[in-house]
Amino acid sequence: MKSLAILEAIVAVYDDWGIGDGATQPVVLSADRAHFRSVTAGAAVIVGRKTMEDFPHGRPLKGRYNIVVTRQDMKIPEAEVVHSTEEALAAAARHERCIVLGGASIFDQFFPYIQKAYITKIGCCPESSRFFPDLDALPDWQCIEESPLYEENGIPYRFCLYERSVEGGDNHVKRQ
Ligand SMILES: NC(=O)c1ccc[n+]([C@@H]2O[C@H](COP(=O)([O-])OP(=O)(O)OC[C@H]3O[C@@H](n4cnc5c(N)ncnc54)[C@H](OP(=O)(O)O)[C@@H]3O)[C@@H](O)[C@H]2O)c1
């Protein structure tokens, strides 16, 4: 019997579910970076080429299996380079756990396959040009865990975990 892998996502959203403006995140919290490191440690991750270049030193993340999506013919040390969503899904299926890190175009394309989403809600609303789907408005998504409200530099935030209900669609990746 073929086993199944489930894609997860991790993303920080502002009050309007904005996630970034152009190439950058206008507001970043150090507590969220620590949460990101903790959630993604040891997992495989899917990341768009532009978001990877926004990582420290523009390199893949250490301690994770990086699957970088690009249409370019390029080699990236310590990353598996893939050229389509299908290729990324096949690579993801070889791993027990795979987390989609974005950016916006990657979240859009992989959203149907995402079953679980770690959402950091940052309580402010800077101008965004990129958005994550508002999971509170989607009936097949539920918030199943919510941290207390914390604060960093006067900005409130909380960590939430959302899950898609089983009948919510094609959210499994077949393992090879
Ligand atoms: N708030 C958060 O937690 C968070 C997290 C991550 C990112 N972001 C935000 O997201 C934004 C960046 O997102 P983005 O959409 O501009 O860039 P992106 O999704 O990180 O990367 C886009 C690139 O991925 C490659 N790509 C996308 N779809 C592909 C496909 N089907 N096949 C092959 N390659 C594909 C292309 O690379 P090539 O050009 O090399 O072909 C494309 O230019 C920024 O605003 C950033 O701050 C926010």
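I began with burial in this predicted model, and I found that 32% of the 176 residues of the protein chain count as buried.

Next I looked up the overall dimensions, and I noted that the C-alpha trace of the protein chain spans about 45 × 40 × 25 Å along its principal axes. I then checked the radius of gyration: the protein chain has 16 Å, which agrees with the value near 16 Å for a compact globule, because that is what 176 residues would give.

For the secondary structure I wrote down four helices and 12 strands in the protein chain. Turning to contacts with a separation of 6 or more, I saw that residues 24 or more positions apart account for 69% of them in the protein chain.

I moved on to the ligand and asked which residues are closest to it. The ligand is surrounded by 27 residues, and the closest are G20, G48, T51, G102 and G103. Among the elements that give two or more residues to this shell I listed β1 (4-13), β2 (18-20) and α2 (49-53), and also β6 (98-102) and α4 (104-110). The largest share, four residues, comes from α4. When I sorted the shell around the ligand by residue type, I obtained eight nonpolar, 15 polar and four charged residues.

My last entry concerns S147, which I located in the loop between β9 (141-146) and β10 (150-152). Is S147 buried or exposed? I recorded S147 as partly exposed, because 13 other C-beta atoms lie within 10 Å, and a residue counts as exposed at 12 or fewer and as buried at 20 or more. Leaving aside neighbours within four places in sequence, I found S147 in contact with R158 and F159. I also noted that S147 and L161, 14 residues apart in sequence, are 9.0 Å apart in space from C-alpha to C-alpha.

Technical notes: Residues are numbered from 1 along each chain as its sequence is written. This is a predicted model: local features need pLDDT of at least 70, side-chain atom pairs count only at pLDDT 80 or more; totals for chains, interfaces and linings use all residues. The radius of gyration is taken over C-alpha atoms; the globule rule is 2.2 Å times the number of residues to the power 0.38. Two residues are in contact if their C-beta atoms, placed from the backbone, lie within 7 Å. A residue is near a molecule or strand if its C-beta atom, placed from the backbone, lies within 6 Å of it. Ala, Val, Leu, Ile, Met, Phe, Trp, Tyr, Cys and Pro count as nonpolar, Asp, Glu, Lys and Arg as charged, and the others, Gly among them, as polar.
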